[in-house]
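Biologist: I have a model open on my screen. Can you walk me through how to read it?

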Amino acid sequence: LARVPLQLLRIGALLWGWIRLKCFVKTPEDVVKATSPGPFQYSREWPMHIFVFLLGLAYAEITPLILPCTALFFAVSSFVFRYAIRNASILLLTSSL
């Protein structure tokens, strides 16, 4: 659960994309590939979100402060993953043409 905020920041993907953009990009197609977020891994992300949701529900009765934290987590993650999924689908569509 401690890795969740770091996954939302996607530091590794950002750094690797920046290195590829500065060092290895030569064509506009390479720019699109270097700046894409990569595939969305449902098998890792979906169970983690369900786990956070269940923790929020289970401990909301004991500690009501956890509800705003859980809501903030889902607000930030929906923003991050919405654009990650959108950019990954755009990359799939443009690479198949």
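**Reading the model**

Modeller: Start at the N terminus and follow the elements: they run α-α-α-α-α. The protein has five helices and zero strands. Keep in mind that this is a predicted model.

Biologist: Then how far does the confidence go? What pLDDT does the protein average?

Modeller: The average is a pLDDT of 75. A score of at least 70 is reached by 64% of the residues.

Biologist: Where is confidence lowest, and where is it highest?

Modeller: Helix H1, residues 4-9, is the low point, with a mean of 64. Helix H4, residues 42-60, is the high point, at 85.

Biologist: Next, the fold as a whole. What share of the contacts with a separation of 6 or more joins residues 24 or more positions apart?

Modeller: Such pairs account for 61% of those contacts.

Biologist: And the surface?

Modeller: The accessible surface comes to about 7,400 Å². Carbon and sulfur atoms hold 74% of that area. Of the 97 residues, 22% count as buried.

Biologist: Which residues form a nonpolar patch on the surface?

Modeller: Look for Trp46, Ile50, Phe53, Leu54 and Leu57. Together they have about 540 Å² of accessible area.

Biologist: Take Trp46. Is it buried or exposed?

Modeller: The test is relative accessibility, and exposed means over 50%. Trp46 counts as exposed because its value is 59%. Trp46 sits in helix H4.

Biologist: Now the other extreme. Why does Ser77 count as buried?

Modeller: Buried means under 20% relative accessible area. Ser77 has 2%, so it is buried. You will find Ser77 in helix H5, residues 66-96.

Biologist: Ser77 has a polar side chain. What does that side chain reach?

Modeller: Polar contacts are read as pairs of N or O atoms within 3.5 Å. The Ser77 side chain reaches the backbone oxygen of Phe74 at 3.3 Å. A second polar contact links side chain to side chain: Ser77 and His49 are joined at 3.4 Å.

Biologist: Helix H5 again. How do I read Thr70?

Modeller: Apply the accessibility test first. Thr70 has a relative accessible area of 12%, so it is buried. Thr70 is also in helix H5. Then list its partners, setting aside neighbours within four places in sequence. Thr70 is in contact with Val52 and Gly56.

Biologist: Gly56 makes me curious about Pro68. How far apart are their C-alpha atoms?

Modeller: The separation is 9.3 Å, with the two positions 12 residues apart along the chain. Pro68 belongs to helix H5. Pro68 counts as partly exposed because its relative accessibility is 47%.

Biologist: One more residue. Where does Ala34 lie?

Modeller: Ala34 is in helix H3, residues 28-35. Its relative accessibility is 6%, so Ala34 counts as buried.

Biologist: Which residues does Ala34 touch, not counting those up to four places away in sequence?

Modeller: Ala34 touches Gly17, Arg20, Leu21 and Val25. For a distance check, use Phe24. Ala34 and Phe24 are 10 residues apart in sequence and 8.8 Å apart in space, C-alpha to C-alpha.

Biologist: Let me try a summary. Trp46 is exposed, whereas Ser77 is buried.

Modeller: Right. Add the contacts: Ser77 with His49, and Thr70 with Val52 and Gly56. And keep the confidence in view: helix H1 has a mean of 64.

Key. Residues are numbered from 1 along each chain as its sequence is written. This is a predicted model: local features need pLDDT of at least 70, side-chain atom pairs count only at pLDDT 80 or more; totals for chains, interfaces and linings use all residues. Side-chain values use heavy atoms; hydrogens and water are left out. pLDDT is the predictor's confidence in each residue, from 0 to 100. Helices (H or I, at least four residues) and strands (E, at least two) are DSSP runs, numbered from the N terminus. Patches are made of residues with over 30% relative accessible area and no salt bridge: like charges are joined within 9 Å, nonpolar side chains (Val, Leu, Ile, Met, Phe, Trp, Tyr) within 5 Å. Accessible areas come from the Shrake-Rupley method with a 1.4 Å probe; for residues, only the protein chains shown count as cover. A salt bridge is a side-chain nitrogen of Lys or Arg within 4 Å of a carboxyl oxygen of Asp or Glu. Buried means under 20% relative accessible area, exposed over 50%, partly exposed in between (1.4 Å probe, protein chains only). A polar contact is a pair of N or O atoms within 3.5 Å; within protein, one must be able to donate a hydrogen and the other to accept it, and residues adjacent in sequence count only if both atoms are side-chain atoms. Contact means heavy atoms within 4.5 Å.
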